[in-house]
Amino acid sequence: MPLPQEPEHKLWEGGYSPKAMYGTWLALAITTLGVIAAMIALPALKIIGPLDKSIWWIVLGILACCWIYGIASFLYKRLSTYYELTTQRFIHSRGILIRTVDRIDVIDIDDVTYVQGVIQRMLGVGKIQLRSKDRSHPQLLLAGIDQVQRVSGMIDDVRRKERRKRSLHIDAS
């Protein structure tokens, strides 16, 4: 006799967090200020001669391209990635024009690990790595997750609960 199916409930949803790029924004800001300060200070200190206006435009154009690349990279990551955790599945969507949606049954998830750098720890963001028996994604890396410790714990709790419910041994392989 089959077991009655419990309804599936959404437990968490998220995507790429803006806080995950604070290091990039900080590096761009420091680089911009440093280059502009050098372009003003070097001629004033007579280390180099006066700079031609065309050099200013070239340098400012390069800086603008760096900022545009940073913003475009953030927007792509933010708009193209979506995650959802339910009581039975982990759903990963990616892409902007062409959307690919993958589902991993939580019972197939073998291990949940999260990684944070120093700045990421201060901001509460990081990466979660899922190892599973799923053929299409035996290893799935979720980048830019806000509240990474809480979310990885939630995924692990759901996986353990589902395995206990189905009376499967929890293996740490």
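The following exchange examines selected features of a predicted model.

Trainee: How many residues does helix 1 have, and what span is expected for the helix?

Mentor: Helix 1 covers residues 22-44 and has 23 residues. From its first C-alpha to its last, the helix reaches 33 Å. That reach is close to the span expected at 1.5 Å a residue, namely 33 Å.

Trainee: Which element is included in what covers the buried residues of helix 1?

Mentor: The buried residues of helix 1 are Leu28, Thr32 and Met39. Contact here means heavy atoms within 4.5 Å. What covers these buried residues includes helix 2.

Trainee: About what area does the nonpolar surface patch containing Tyr76 have?

Mentor: Tyr76 lies in helix 2, which spans residues 53-80. The residue is partly exposed because its relative accessible area is 47%, and partly exposed denotes values between 20% and 50%. Together with Ile71, Leu75, Leu79, Ile96, Leu97 and Ile98, Tyr76 makes a nonpolar surface patch of about 790 Å².

Trainee: Is Glu84 buried or exposed?

Mentor: Glu84 is found in strand 2, residues 81-86. The relative accessibility of Glu84 is 15%, and the cut-off for a buried residue is under 20%. Glu84 therefore counts as buried.

Trainee: With which side chain does the side chain of Glu84 make a polar contact?

Mentor: Leaving aside neighbours within four places in sequence, Glu84 is in contact with Lys10, Trp12, Glu13, Arg89, Phe90 and Ile91. The polar contact of the Glu84 side chain, at 3.3 Å, is made with the side chain of Tyr82.

Trainee: What distance separates the C-alpha atoms of Glu84 and Arg103?

Mentor: Along the chain, Glu84 and Arg103 are 19 residues apart. In space, their C-alpha atoms are separated by 9.4 Å.

Trainee: How many residues apart are the salt-bridge partners Arg89 and Glu8?

Mentor: The structure holds 10 salt bridges, and one of them joins the side chains of Arg89 and Glu8 at 2.9 Å, N to O. This pair links distant parts of the chain: Arg89 is in strand 3 (residues 89-94), while Glu8 is in the segment before strand 1 (10-14). Arg89 counts as partly exposed at 24% relative accessibility, and Glu8 counts as partly exposed at 30%. Along the chain, the partners are 81 residues apart.

Trainee: Why are Asp156 and Arg159 separated by about one helical turn?

Mentor: Asp156 forms a salt bridge with Arg159, with the closest N and O atoms 2.8 Å apart. Asp156 counts as buried at 19% relative accessibility, and Arg159 counts as buried at 4%. The separation of about one helical turn arises because Asp156 and Arg159 are three residues apart in helix 4, residues 148-165.

Trainee: What is the relative accessible area of Arg160?

Mentor: Arg160 also takes part in a salt bridge, its side chain meeting that of Asp156 at 3.3 Å, N to O. Arg160 and Asp156 are separated by about one helical turn because they are four residues apart in helix 4. Arg160 is partly exposed, and its relative accessible area is 30%.

Trainee: Which residues are linked with Asp110 in a network of salt bridges?

Mentor: A salt bridge requires a side-chain nitrogen of Lys or Arg within 4 Å of a carboxyl oxygen of Asp or Glu. In the network that includes Asp110, the linked residues are Lys133 and Arg163.

How values were computed: Residues are numbered from 1 along each chain as its sequence is written. This is a predicted model: local features need pLDDT of at least 70, side-chain atom pairs count only at pLDDT 80 or more; totals for chains, interfaces and linings use all residues. Side-chain values use heavy atoms; hydrogens and water are left out. Patches are made of residues with over 30% relative accessible area and no salt bridge: like charges are joined within 9 Å, nonpolar side chains (Val, Leu, Ile, Met, Phe, Trp, Tyr) within 5 Å. Accessible areas come from the Shrake-Rupley method with a 1.4 Å probe; for residues, only the protein chains shown count as cover. Helices (H or I, at least four residues) and strands (E, at least two) are DSSP runs, numbered from the N terminus. Buried means under 20% relative accessible area, exposed over 50%, partly exposed in between (1.4 Å probe, protein chains only). The expected span of a helix is 1.5 Å times one less than its number of residues. A polar contact is a pair of N or O atoms within 3.5 Å; within protein, one must be able to donate a hydrogen and the other to accept it, and residues adjacent in sequence count only if both atoms are side-chain atoms.
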